[in-house]
Amino acid sequence: MRPRALAALAAIVASSGLIGAHVRLHVPSNAKPLYWTNPDSIGIVIQKAGSDDVPDGSHFTALRNAIAAWGADPGTRARLVEDTSPSQQARTDWSSNDIHLILFDEQNGSGYFPSGSATVAITPVWYSTSSGAILDADVLFNGKGFQFTTSGAAGSFDIQDVGTHELGHLLGLDHSGWAGASMYPYVSTGVLLQRSLSLDDVRGLREAYPAQAFASITGTVRRAADQSVVKGAHVVARDQLGRSAAGALADSSGVFRLRGLEAGTYLVYATPLDQPVSAANLSPGHVVQTDFASTYGTSVVVAAGQGTAYGDLMVDGDVALSLGRNSDVLPLGVVAGGSAVLSLHGSGLVNGSSLQPSDPLVSVVPLAWMTSSVVFSVDVPAGAEPGHVDLAVVDPFGGLSILPAAMEVVPPSPAVDQVAPALGAGAGGTFVTLTGSSFNPGARVVIGPRIYADGESGGCLVVDGSTITLTTSTTADGTYDVVVIDSSGVEGRAVDGFTFASIPSLDTVFPPSGQAAGGTEIVLRGKDFVSGLAVRIDGVAQAQVFVDSAKRVRVVTEPGVAGGPYVLEVENPGGAVASAAFSYSPLPDPVLGEVAPASGPAAGGTSVTLTGASFNADCEVWFGANPDTGLGGVPATSLVLLDGSTLAATTPAHGSGTVSVLVRNASTGQASVLKSGYTFASSGGGGGGGCHVAPIDGPRGRREAFLSWLAPLLALALLQARAWRLRRRLVRA
Amino acid sequence: MRIAFSAALSAALAIVSAQAPPPVEAGTALRLEVEGLVDRADLAIEARVLSARARLDARGRIETEYELAVARVFWGNPGARIVFSLPGGELPDGRGLWLPGMPSLTPGEDVVLFLTGEDSFGSRMPVGLSQGKLRVVRDRRGARSLASELNGAELVAPGGAVPAADGIRLLDYAATLARIEAAAAGRRIREGR
């Protein structure tokens with residue numbers, strides 16, 4: 001900017017205490033920084049209802065990622081600890097001191113989002129004026145006035161991005177002068193890069209809640225012209241790779257302190273906090289003078305955990321030059337291995353100027369200087385490390401203006417090409433492999449409400465740049481996007497990439513074979529059958545399907561081609577399939593109509609006549625078999641095929657009770673069951689319809705022995721007449 | 001070659017100009033020009049802050065009640081004096097409430113304010129948080145400017161930046177008030193008032 005013409009303007013801000021790296025919220029009346037007294041476990045609750053723009057509940061995952069971003073640095077003690085208890089998530093009383101709530105205010109219940117306010121989100125912070133201790137803080141999204149998204153919906157604000165910024169306020173941080181910081185004051189729809197913390201955000205948290213001793217650089221900013229101190233100068237340290245490494249505002253004595261540094265060599269420079277961030281973006285009480293030009297200092301070497309005195313950082317007089325406006329969408333994202341044409345607004349951007357990135361590996365070529373803006377191309381080599389790059393403009397007169405952390409180098413966005421399998425049980429436990437590209441260590445995979453963080457227990461494993469594996473956790477049935485979020489904030493998404501569904505399993509198909517003409521009722525036993533499921537035999541959809549329970553399904557078969565075995569498939573809604581075998585027989589199904597007499601002693605030995613249809617020499621008769629599976633039971637002790645509709649059998653010994661009677665073609669598996677076809681009476685009791693015969697000693701009583709040879713002779717005459725009558729009845733029916 | 005370059009540059013400019021949705025201030029609030037502030041305001045005034053008093057409102061929240069002497073009305077129908085409250089402030093009992101992005105008013109300062117309607121508790125919100133306040137500042141000769149966070153090409157005087165004071169970019173007082181007046185007139189026409 002050019003020299004001040006209004007030097008005598010009234011002071012517009014009050015005096016301030018020391019401001020550390022980054023900018024912290026402070027008590028306006030005494031400049032004491034705000035802080036949590038329990039930074040190790042700051043409780044936070046995500047309100048269950050979330051945003052009505054995101055009905056799938058994915059606000060949870062987005063906000064959990066935002067919470068995780070602030071807890072990733074081991075150099076700070078600050079940890080947001082989510083309380084996931086349903087009772088807390090159901091609360092909406094955000095103003096209560098005992099809960100720190102993230103809430104979407106859909107009806108302006110807070111009163112902070114009246115019509116016309118243009119406020120997208122806000123974080124009220126309660127504090128003690130005497131100590132600066134934070135008493136309560138909550139994050140409120142204006143759900144009434146704005147649209148929010150977790151899936152990149154156009155015209156909507158990214159919940160994770162906005163949430164990350166607001167949580168920084170909740171932790172006690174003010175806005176940052178770094179264009180690439182999460183605490184940069186401006187955000188646009190579609191911006192994702194503020195999801196990830198910049199080093200400036202990290203330093204701010206380290207300064208507020210250090211977990212260990214870090215190196216620091218301390219000095220004083222002075223005007224070269226008269227040695228006077230510069231209040232509120234924005235001082236930045238740049239590392240040896242040319243990346244933005246730390247920032248600080250000088251205090252009202254011109255003293256700056258860059259904290260939270262690792263050992264290394266840093267180039268220090270000062271730049272006025274005038275655009276695109278200014279004192280108006282900070283809480284009241286900061287003195288910010290801007291009547292000087294961006295000025296490079298010298299490099300300093302700092303040792304681990306040690307403080308280094310820089311001395312005086314002399315700054316040059318003001319110039320009519322500045323780079324960056326809040327109308328610019330910052331930071332300027334540039335992809336490693338890619339190129340882009342970008343622009344920035346400013347002033348004094350005239351022909352003959354030069355544009356210089358702080359990272360020498362990054363190439364910047366101006367395309368057009370238009371006084372109030374500049375258009376330029378950027379090329380970033382493949383493999384360039386993620387991070388922030390300053391951009392400096394030098395005008396033809398040697399004037400310098402630096403926009404700290406103007407560009408953010410990001411890796412290529414992950415691409416999720418395949419998710420295999422794409423279906424898993426809601427109970428979890430499915431091992432899933434994601435294949436694609438640009439998968440980097442530290443990635444987080446989001447599937448529905450679950451986050452799988454690289455390397456964490458229950459998380460995912462970034463195997464290499466093209467492979468991520470994970471084992472699913474319990475998740476409600478449904479189809480979800482599979483999102484891979486890089487630690488830089490960029491993401492790749494497989495829309496509807498994975499489905500959680502009940503996966504059926506088939507234990508038995510009974511009978512396992514049916515007539516080719518169709519019409520066979522078969523019973524499928526298994527588990528996790530869901531209403532609405534589909535059954536196919538050899539690919540042919542079965543029209544008559546009855547889901548009796550999660551464990552039992554009945555199907556009346558469609559006609560098929562004799563042969564097999566064919567694949568019988570059960571497909572639940574959602575696509576989960578179980579399969580078994582089924583065959584079509586050229587023979588008609590046996591039909592068991594009646595067993596007479598219908599009861600007899602449990603000791604067995606009763607001659608019974610089975611009448612029906614389509615009996616043949618391969619038929620066998622079982623008593624007490626499971627009518628759904630055909631398993632179990634006891635075979636008749638003797639069996640004679642009298643004709644195609646009559647079987648003469650002798651009952652076996654069986655426990656008392658009414659049991660099924662099964663006729664099965666042993667060759668084809670076709671079967672017919674009378675579910676309550678015969679009753680074995682306990683000893684001493686008479687069988688219905690039969691005469692009572694006293695039991696006799698011996699393994700095989702005389703009556704039984706007698707019947708064993710007499711039956712073929714007598715039954716032939718006695719039963720054929722009865723069978724003839726019964727067949728006539730069936731025909732009429 | 002020059003033609004080709006120009007075509008490419010034009011395309012690049014078109015891309016650049018089309019890619020940027022307006023950023024919002026966090027806060028977080030929409031970034032608004034003067035016209036946008038007027039369009040959203042229930043009350044747009046130039047006034048002097050007479051007093052400020054923090055208190056607990058009926059909801060148990062800290063708010064600061066301001067009394068202002070109204071010097072000019074751009075939109076709305078306030079009297080010569082207006083009393084309203086904004087969220088935040090510090091109580092004598094040692095509790096404070098701060099909402100990042102919220103502007104504060106200091107007794108004695110002259111301001112141009114863009115405020116939302118008053119709720120049932122007598123509270124208003126500044127339109128666009130800190131953007132809803134422009135401070136009137138005077139140089140040693142008494143010439144007035146407006147200090148604000150608003151910027152961009154429309155705020156840059158021909159030949160370079162408007163002078164700034166302590167980090168606040170200054171707007172030409174008369175020109176900005178003219179824009180406000182024009183915006184208010186346009187709104188009256190649109191709304192049939």
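A residue counts as buried here if 20 or more other C-beta atoms lie within 10 Å of its own, as exposed if 12 or fewer do, and as partly exposed in between, with C-beta atoms placed from the backbone. The model is predicted, and local features were kept at a pLDDT of at least 70, side-chain atom pairs at pLDDT 80 or more, while totals for chains, interfaces and linings use all residues. Residues are numbered from 1 along each chain as its sequence is written, and chains are lettered from A and ligands numbered from 1 in the order in which they are written.

**Whole model, then chain A**

Before selecting anything, note that the model scores ipTM 0.80 and pTM 0.70. Select chain A, which has 5 helices and 52 strands; helices (H or I, at least four residues) and strands (E, at least two) are DSSP runs, numbered from the N terminus. The radius of gyration of chain A is 40 Å, well over the 27 Å that the globule rule gives for 733 residues, so chain A is more spread out than a compact globule; the radius is taken over C-alpha atoms, and the rule is 2.2 Å times the number of residues to the power 0.38. Along its principal axes the C-alpha trace of chain A spans about 135 × 55 × 50 Å, and 53% of its residues count as buried. Two residues are in contact if their C-beta atoms, placed from the backbone, lie within 7 Å; among contacts in chain A between residues at least 6 apart in sequence, 69% join residues at least 24 apart.

**Helices α4 and α1 of chain A**

Select residues 199-208 of chain A, helix α4, where 10 of the 10 residues are buried, so the helix is largely enclosed by the rest of the structure. Among these buried residues are A:L199, A:D200, A:D201, A:R203 and A:E207. To see what surrounds them, add α1, α3 (159-170), β13 (244-249), β14 (255-261) and β25 (400-410) of chain A, against which the buried residues of α4(A) pack.

From there move to α1(A), residues 59-70, whose 12 residues reach 17 Å from the first C-alpha to the last, close to the 16 Å expected at 1.5 Å a residue; that expected span is 1.5 Å times one less than the number of residues. The helix α1(A) is mostly covered, with 11 of its 12 residues buried, including A:H59, A:F60, A:R64 and A:W70.

**A hairpin and a five-stranded sheet**

Next select β29 (residues 444-447) and β30 of chain A, which pair in the antiparallel sense over 4 bridges; two strands are taken to pair if DSSP finds at least two bridges between them. These strands form a hairpin with 2 residues between them, and A:G448 in the turn has a positive phi of about 60 degrees. On β30(A), A:R450 is the bridge partner of A:I447. Both faces of β30(A), residues 450-453, are covered, since A:R450 and A:Y452 on one side and A:I451 and A:A453 on the other are all buried.

Further along chain A, select the open sheet of 5 strands in the order β45-β52-β51-β47-β48, where the pairing is mixed. Its edges are β45 (599-601) and β48 (634-635), each with a single partner strand, so one side of each is left without a neighbour in the sheet. Within the sheet, β47 (residues 619-623) and β51 (residues 657-665) of chain A are antiparallel over 5 bridges, and A:W622 has A:L662 as its bridge partner.

**Where the two chains share a sheet**

Show both chains and look for the open sheet of 4 strands ordered β6(A)-β5(A)-β7(B)-β6(B), with antiparallel pairing. At its edges stand β6 (134-137) of chain A and β6 (89-90) of chain B, each with a single partner strand, so one side of each is left without a neighbour in the sheet. The chains meet where 4 bridges join β5(A), residues 125-128, to β7(B), residues 95-98, and A:S128 is there the bridge partner of B:R95.

**Chain B**

Finally, select chain B, with 3 helices and 12 strands and 46% of its 193 residues buried. Its pLDDT, the predictor's confidence in each residue from 0 to 100, averages 77, and 74% of the residues score at least 70. Over residues 1-22 of chain B the pLDDT is below 50, and this stretch has 18 contacts beyond near neighbours in sequence. Where pLDDT is low, the predicted coordinates should not be read in detail.

Stop at B:D42, in the loop between α2 (34-40) and β3 (43-56) of chain B, which is partly exposed, with 17 other C-beta atoms within 10 Å. Leaving aside neighbours within four places in sequence, B:D42 is in contact with A:G116, B:G76, B:L115, B:T116 and B:G117.
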